[in-house]
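Colleague: I would like to go through the labels in this model one by one. For each, tell me what earns it.

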Amino acid sequence: MDDPIPVGKCLGCKHIVTEHVIDGKKVRAMEYDVCDFMKQCVIAYKEACRKPNMELKRVDTPFIQNTDGEGGDAPHPLAEGGTKGVLAPIASAILMKILYGARLARWDLLKIVQLLASRVTKWSEGCDKALHRLMCYINHTTDWVLRGYVGGKADSLS
């Protein structure tokens, strides 16, 4: 057996340890980087849709607003009923791929993936739109990483 070494990359996630100075105090940072994996999710979505050159617009949130623009409420995009969505056959595969990366280091994606996953047996056109919006969001946030800092002594941690 080899001597232990830092983790580096494991199962699509790069583990990067760095040191920083915050408020004059030296701290250790751990980054969990799934940028390449999230790019693969976008590519997989485009290929599954049979549109590898699909342009994905920039969106600020993966959640679709449910107002009709006049101050009233339109039906929620994930409400039950309606026409079956065309992405129903591929939705589970795409969502489970995203879920893996979300659980590792993209916690901002967990809620919308959970909402869409709860609809896979009742997939509608609204779900198609929500999944597309999620992919647009991921496409424009692929460079996001999860970073945590520790600056105290080991005996002061609990």
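Colleague: What makes Glu31 count as buried?

Modeller: This is a predicted model, and the values are computed from it. Glu31 has 14% relative accessibility. Buried means under 20%, so Glu31 qualifies.

Colleague: Why is the contact between Arg147 and Glu31 called a salt bridge?

Modeller: The N to O distance is 2.5 Å. The cut-off is within 4 Å, from a side-chain nitrogen of Lys or Arg to a carboxyl oxygen of Asp or Glu. Arg147 and Glu31 therefore form a salt bridge. The pair links distant parts of the chain: Arg147 is in strand β4 (residues 146-150) and Glu31 in strand β3 (residues 25-33), 116 residues apart.

Colleague: How do you class Arg147, buried or exposed or partly exposed?

Modeller: Arg147 has 40% relative accessibility. Partly exposed lies between 20% and 50%, so Arg147 is partly exposed.

Colleague: How many salt bridges are there by this rule?

Modeller: The count comes to four. Among them is the one between Asp36 and Lys14, at 3.3 Å from N to O. Asp36 sits in helix α1 (residues 35-48) and Lys14 in strand β2 (residues 13-22), so the bridge ties together parts 22 residues apart in sequence.

Colleague: What accessibility do Asp36 and Lys14 have?

Modeller: Asp36 has 33% and counts as partly exposed. Lys14 has 29% and is also partly exposed. Lys14 stands opposite Asp33 in β3 as well.

Colleague: What makes Arg106 and Asp108 a salt bridge?

Modeller: Their closest N and O atoms are 2.9 Å apart. The limit is 4 Å, so the label holds. Arg106 is buried, with a relative accessible area of 1%. Asp108 is partly exposed, at 29%.

Colleague: On to the rings. Why is the pair of Phe37 and Tyr100 called edge-to-face?

Modeller: The structure holds two aromatic pairs. In the pair of Phe37 and Tyr100, the centres are 5.4 Å apart and the planes stand at 65 degrees. Centres must lie within 6.5 Å, and planes over 60 degrees apart count as edge-to-face. Both conditions are met, so the name fits. Phe37 lies in helix α1 and Tyr100 in helix α2, so the pair ties together parts 63 residues apart in sequence.

Colleague: How exposed are Phe37 and Tyr100?

Modeller: Phe37 has 11% relative accessibility and counts as buried. Tyr100 is partly exposed, at 33%.

Colleague: What about Tyr137 and Trp144?

Modeller: Their ring centres are 5.9 Å apart and the planes stand at 85 degrees, so this pair is edge-to-face. Tyr137 is buried at 5%. Trp144 is partly exposed at 41%.

Colleague: How do you know that the span of α1 agrees with its length?

Modeller: At 1.5 Å a residue, the 14 residues of α1 should span 20 Å. The end C-alpha atoms are 20 Å apart, which agrees. Just after α1, Arg50 takes a positive phi of about 60 degrees.

Colleague: Which residues of α1 are buried, and what covers them?

Modeller: Cys35, Phe37, Met38, Cys41, Val42, Tyr45 and Lys46 are buried. Their cover includes β3, α2 (88-105) and α4 (125-139).

Colleague: What span does α4 reach?

Modeller: α4 has 15 residues and reaches 21 Å from its first C-alpha to its last. That is close to the 21 Å expected at 1.5 Å a residue. Its buried residues include Leu131, Leu134 and Tyr137. The buried residues of α4 pack against α1, α2 and α3 (110-117).

Colleague: Last, the strands. Why are β2 and β3 called a pair?

Modeller: β2 and β3 share nine bridges in the antiparallel sense. At least two bridges are needed, so they pair. Their hairpin has two residues between the strands, and Asp23 there takes a positive phi near 50 degrees.

Colleague: What makes β1 and β2 a pair?

Modeller: Strand β1 (residues 9-10) and β2 have two bridges, again antiparallel. The minimum is at least two, so the label holds. Cys10 stands opposite Cys13 in β2. In this hairpin, with two residues between the strands, Leu11 takes a positive phi near 50 degrees.

Technical notes:
Residues are numbered from 1 along each chain as its sequence is written. This is a predicted model: local features need pLDDT of at least 70, side-chain atom pairs count only at pLDDT 80 or more; totals for chains, interfaces and linings use all residues. Side-chain values use heavy atoms; hydrogens and water are left out. Helices (H or I, at least four residues) and strands (E, at least two) are DSSP runs, numbered from the N terminus. Buried means under 20% relative accessible area, exposed over 50%, partly exposed in between (1.4 Å probe, protein chains only). The expected span of a helix is 1.5 Å times one less than its number of residues. Contact means heavy atoms within 4.5 Å. Rings of Phe, Tyr and Trp (its six-membered ring) pair if their centres lie within 6.5 Å; planes under 30 degrees apart count as stacked, over 60 as edge-to-face and the rest as tilted.
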